[in-house]
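Reader: I am new to this structure and would like to learn how to read it. Could you walk me through a few of its features?

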Amino acid sequence: MATYKSNDTQISGSAESVFDALSNPENLKQLLANAPLDQIPEDKRELLDQIEVTSNSISFPAGPIGSLTLTIDRLERPTLIELVGSGAPVKLSLSLHLRPLTDMTCEGRVEIDIDIPMMLRPMVSGPLQQLVDQFAQALGSIPFNSAV
């Protein structure tokens, strides 16, 4: 397994409010609806329309492999949300680790654990690291104290 971790990112919201908003994927619909479109590249806006959510999973297009579904596997309120992937050719999980800072802020770190063959790691390491960094950055731009 290879692990890709973002840096800790300060989030405008208590660990509890961030956990409550993100531990139910259906809340993602409202967060996406309130996303500032001017900060989302036009080529990524189409992807937002293709995301499907249920109370315990998120599915989205994943290029040549078709669709990827992330399903909630483990919740530890208010510090951990872990999702596991299905529909991918390799085993993977995505985790959000939260650490309370104050009543109104917390830190978040995004991690992806993925079972990538050693010979493919040099090709995918950069994009996967960029993905966790962008996800953490996006979390830092959402005002969770007023969201959901």
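Reader: How is Glu26 classed by relative accessibility, and why?

Author: The general idea is a three-way split: buried means under 20% relative accessible area, exposed means over 50%, and partly exposed lies in between (1.4 Å probe, protein chains only). Glu26 counts as partly exposed because its relative accessibility is 36%. Please keep in mind that this is a predicted model, where local features need pLDDT of at least 70, side-chain atom pairs count only at pLDDT 80 or more, and totals for chains, interfaces and linings use all residues. Residues are numbered from 1 along each chain as its sequence is written, and side-chain values use heavy atoms, with hydrogens and water left out.

Reader: Where does Glu26 lie, and which residues does Glu26 touch?

Author: Helices (H or I, at least four residues) and strands (E, at least two) are DSSP runs, numbered from the N terminus. Glu26 sits in the loop between helix 1 (15-22) and helix 2 (27-33). Contact means heavy atoms within 4.5 Å. Setting aside residues up to four places away in sequence, Glu26 touches Val53, Thr54 and Ser55. Thr54 is 28 residues from Glu26 along the chain, yet their C-alpha atoms are separated by 5.6 Å.

Reader: What is the order of the elements along the chain?

Author: Counting helices and strands, the chain has four helices and eight strands. From the N terminus on, they run β-β-α-α-α-β-β-β-β-β-β-α.

Reader: Which way do the side chains of strand 1 point?

Author: In a regular strand the side chains alternate between the two faces of the sheet. In strand 1 (residues 2-5), Ala2 and Tyr4 point to one face and are buried, while Thr3 and Lys5 point to the other and are not.

Reader: How many bridges join strand 1 to strand 8?

Author: Two strands pair if DSSP finds at least two bridges between them. Strand 1 and strand 8 (residues 105-114) run antiparallel and are joined by four bridges. Tyr4 has Ile112 of strand 8 as its bridge partner.

Reader: What joins strand 5 to strand 4 and to strand 6?

Author: Strand 4 (residues 57-61) pairs with strand 5 in the antiparallel sense over five bridges, and Ser59 has Thr69 of strand 5 as its bridge partner. Their hairpin has five residues between the strands, and there Gly63 takes a positive phi near 60 degrees. Strand 5 and strand 6 also run antiparallel, with seven bridges, one partnership being Leu75 with Ile81 of strand 6. Three residues lie between the strands of this hairpin.

Reader: Which residues of the largest nonpolar core touch the most other members?

Author: A nonpolar core is a set of buried Ala, Val, Leu, Ile, Met, Phe, Trp, Tyr and Cys residues joined through side-chain atoms within 4.5 Å. The largest one here has 27 residues, and Tyr4, Ile11, Leu98, Ile114 and Phe144 touch the most other members. Among the elements that each supply at least two residues of this core are strand 1, helix 1 and helix 4 (121-140). Beyond residues up to four places away in sequence, Ile114 touches Met1, Ala2, Tyr4, Val90, Lys91, Leu92 and Leu128.

Reader: Which residues is Ser17 in contact with, leaving aside its neighbours within four places in sequence?

Author: Those contacts are Phe144 and Asn145. Ser17 itself lies in helix 1.
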